[in-house]
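Trainee: I would like to learn how to read a model of this kind, feature by feature. Could we take the general idea each time, and then turn to the case at hand?

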Amino acid sequence: MTDSPRIHLGSVLRASSDDAHAQGALDDLQYEQGGEKLTLRFAQPAPFEVSVNALGGHELYLQGSFEPVVVMECARCLRDVAVPLDLTLGTLMRHDPSADAPYLEEAESGEEVLVFGSPELDLSAYLAETTLLAAPLSVLHDEACKGLCQVCGHDLNEGPCAHMAQVPVEEIDDALGAPEGSLHAKQNPFAALADLKVPEE
């Protein structure tokens, strides 16, 4: 098992005719975003394979594959959902000795370039961004997921809770996963106006 996806590029930087390879499997991906340390969880070891070859000057090209099964939360009930991805890797690279950490920048052509400083390149941030861009924005563990009670947080897939018994459930709101017409639904701010009477002049 590999703790982090690293590739050694010393020989490629010294001799433009060489190339470098790395492969392994990741239990998760540790990366930073906005100064905060985050973790991408995988349902099983995620295999990766990359190779880098020189293009001339300070430019290189990375290609390979990454096959993570990302663990995401159901948008309604927050249960874990395994989302398999099959990613084809490919990006331009540029060596800049002044770069403290690898980062992506947009070239004049509009293509992203992976800029790095250390010859021992940690690909965690690159693989994390590639995975996040390919993953769906939201998932459901089941199309018929009933969501959570808006009052007590009970998982409605496991059966009704005390709040559901107070008002009959009419239908499930697809956007919120909450029963309309019950305490699970959002309160209508204009509902109370129906009970107001206009004083007679």
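**Charged pairs, core and confidence**

Mentor: Let us begin with a network of salt bridges, which in this predicted model links Arg 6, Glu 120 and Asp 122.

Trainee: What is the general idea behind such pairs, and how many salt bridges does the chain have?

Mentor: Side chains of opposite charge can pair when their charged atoms come close. In this chain the count comes to five salt bridges. One of them joins Arg 6 to Glu 120, with the closest N and O atoms 4.0 Å apart, which sits at the cut-off, since the nitrogen has to lie within 4 Å of the carboxyl oxygen. Arg 6 belongs to strand 1 (residues 6-8) and Glu 120 to strand 10 (residues 120-122), so this salt bridge ties together parts of the chain that are 114 residues apart in sequence.

Trainee: Which salt bridge brings Asp 122 into the network, and at what N to O distance?

Mentor: The side chain of Asp 122 meets that of Arg 6 in a salt bridge, at 3.6 Å from N to O. This pair, too, links distant parts of the chain, with Asp 122 in strand 10 and Arg 6 in strand 1, 116 residues apart.

Trainee: Are the members of this network buried, partly exposed or exposed?

Mentor: Arg 6 is partly exposed, with a relative accessible area of 38%, and Glu 120 is partly exposed with a relative accessible area of 38% as well. Asp 122, at 25% relative accessibility, also counts as partly exposed.

Trainee: Which residue does Arg 41 meet in a salt bridge?

Mentor: Arg 41 meets Asp 80, and the distance from N to O is 3.1 Å. Here the link runs from strand 3, which holds Arg 41, to strand 6, which holds Asp 80, across 39 residues of sequence. Arg 41 is partly exposed at a relative accessible area of 40%, and Asp 80 is partly exposed at 49%.

Trainee: Turning to the interior, how should I read a nonpolar core, and which residues touch the most other members of the largest one?

Mentor: In soluble globular proteins, nonpolar side chains tend to be buried together. The largest nonpolar core of this chain has 38 residues, of which Ile 7, Leu 9, Phe 66, Met 93 and Leu 123 touch the most other members. Among the elements that each supply at least two residues of this core are strand 2 (19-33), strand 7 (87-95) and helix 2 (124-134), while strand 3 gives the most, with seven residues.

Trainee: Which residues does Met 93 touch, if close neighbours in sequence are left out?

Mentor: Leaving out residues up to four places away in sequence, Met 93 touches a set that includes Leu 9, Val 52, Leu 60, Leu 62, Val 113, Phe 116 and Leu 121, and also His 58 and Glu 59.

Trainee: How many aromatic pairs are there, and what is their geometry?

Mentor: There is one aromatic pair by the rule used here. The ring centres of Phe 42 and Phe 66 are 6.0 Å apart and their planes stand at 75 degrees, so the pair is edge-to-face. Phe 42 lies in strand 3 (residues 36-56) and Phe 66 in strand 4 (residues 59-66), so that the pair links distant parts of the chain, 24 residues apart. Both Phe 42 and Phe 66 are buried.

Trainee: Where does Thr 130 lie, and which residues does it touch?

Mentor: Thr 130 is in helix 2, and beyond four places in sequence Thr 130 touches Leu 87 and Leu 89. From Thr 130 to Leu 87 the C-alpha distance is 8.1 Å, although the two residues are 43 apart in sequence.

Trainee: How is the whole chain built, and where does pLDDT stay under 50?

Mentor: The chain has two helices and twelve strands, and buried residues make up 35% of its 201 residues. As for confidence, where pLDDT is low, the predicted coordinates should not be read in detail. The chain averages a pLDDT of 82, and 79% of the residues score at least 70. Over residues 167-199, however, pLDDT stays under 50, and there the model has 38 contacts beyond four places in sequence.

Key
Residues are numbered from 1 along each chain as its sequence is written. This is a predicted model: local features need pLDDT of at least 70, side-chain atom pairs count only at pLDDT 80 or more; totals for chains, interfaces and linings use all residues. Side-chain values use heavy atoms; hydrogens and water are left out. Helices (H or I, at least four residues) and strands (E, at least two) are DSSP runs, numbered from the N terminus. Buried means under 20% relative accessible area, exposed over 50%, partly exposed in between (1.4 Å probe, protein chains only). Rings of Phe, Tyr and Trp (its six-membered ring) pair if their centres lie within 6.5 Å; planes under 30 degrees apart count as stacked, over 60 as edge-to-face and the rest as tilted. A nonpolar core is a set of buried Ala, Val, Leu, Ile, Met, Phe, Trp, Tyr and Cys residues joined through side-chain atoms within 4.5 Å. Contact means heavy atoms within 4.5 Å. pLDDT is the predictor's confidence in each residue, from 0 to 100.
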